[in-house]
Amino acid sequence: MAATDALDQLKQFEEQYIPFPTFVAAKDAIESSLNLFRETGLAKHMLVLGEAGTGKSSLCRWLAERHPKRVLPERNIVEALFVATPPAATVIGIADAILTALGDPWHERGTVTAKTARIVTLCRECRVEIMLLDEAQHLHDRGDTRTHYMVGDWLKHLIDAIGIPTIMLGLPRLERLLEINDQL
């Protein structure tokens, strides 16, 4: 077998999703949250925790593939907004990552307030129905309790403003962020 054939087969294998029970349960719960939002407008938020390599990022990619971005002449439609949380995330870094995922060409410009307003506007204009924050433990990895509380408050404000289901996926230590900021 030629090396290119072997590489193609390896790539195809790596792109397959193995439907193990916890993956299916998380996928079904997220799809249920999305369907509830579509039917009622109620946003049910979720936290998906797991050790490294358990399929959280694969779950995000699967959902993004299932709900692909559609590029239309008047606007992009982004039903499932997939955001990779940057390492040692700050509020401005998270806002940049979200704006980048939304396709904002000026994601690096503006204050936190201006960026937040653009996120809310773009989520509405792009008809975002669910936001997936992968590697969300990075929200907890920087600073002290005060910083964690501030990041949590900003995220809570954003989630309320966009009014769509938000799914945070990350390592188990992410749960500490929710313990620090009980509004989340």
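The legends below describe close-up views of selected side-chain contacts and one backbone approach in a predicted model.

**View 1. The salt bridge between E31 and R66 joins two helices.** The side chains of E31 and R66 meet in a salt bridge, with a nitrogen-to-oxygen distance of 3.5 Å. E31 belongs to helix α2, which covers residues 21–40, whereas R66 belongs to helix α3, which covers residues 56–66. The two residues are 35 positions apart, and the pair thus links distant parts of the chain. E31 has a relative accessibility of 11% and counts as buried, because the cut-off for that class is under 20%.

**View 2. R38 and E79 form a salt bridge between helix α2 and a loop.** In this pair the closest N and O atoms are 3.2 Å apart. R38 lies in helix α2, while E79 sits in the loop between β3 (76–77) and β4 (80–84), so the contact ties together parts of the chain that are 41 residues apart in sequence. The two partners fall into separate accessibility classes: R38, at 39% relative accessibility, counts as partly exposed, whereas E79, at 18%, counts as buried. The value for E79 places this residue in the buried class because that class takes in relative accessible areas under 20%.

**View 3. R38, R70, E79 and E129 are linked in a network of salt bridges.** The contact between R38 and E79, with its closest N and O atoms 3.2 Å apart, joins two members of this network. A search of the whole structure finds 8 salt bridges.

**View 4. K156 and D160 form a salt bridge within helix α6.** The closest N and O atoms of K156 and D160 are 2.5 Å apart. Both residues belong to helix α6, which covers residues 145–162. Because K156 and D160 are 4 residues apart in this helix, about one helical turn separates them. K156 counts as partly exposed at 22% relative accessibility, and D160 likewise counts as partly exposed, at 48%.

**View 5. The C-alpha atoms of A88 and H138 are separated by 5.3 Å.** These two residues are 50 residues apart along the chain. A88 lies in the loop between β4 and α4, the latter covering residues 91–102. With a relative accessible area of 36%, A88 is partly exposed, since this class lies between the buried limit of 20% and the exposed limit of 50%.

Methods
Residues are numbered from 1 along each chain as its sequence is written. This is a predicted model: local features need pLDDT of at least 70, side-chain atom pairs count only at pLDDT 80 or more; totals for chains, interfaces and linings use all residues. Side-chain values use heavy atoms; hydrogens and water are left out. A salt bridge is a side-chain nitrogen of Lys or Arg within 4 Å of a carboxyl oxygen of Asp or Glu. Buried means under 20% relative accessible area, exposed over 50%, partly exposed in between (1.4 Å probe, protein chains only).
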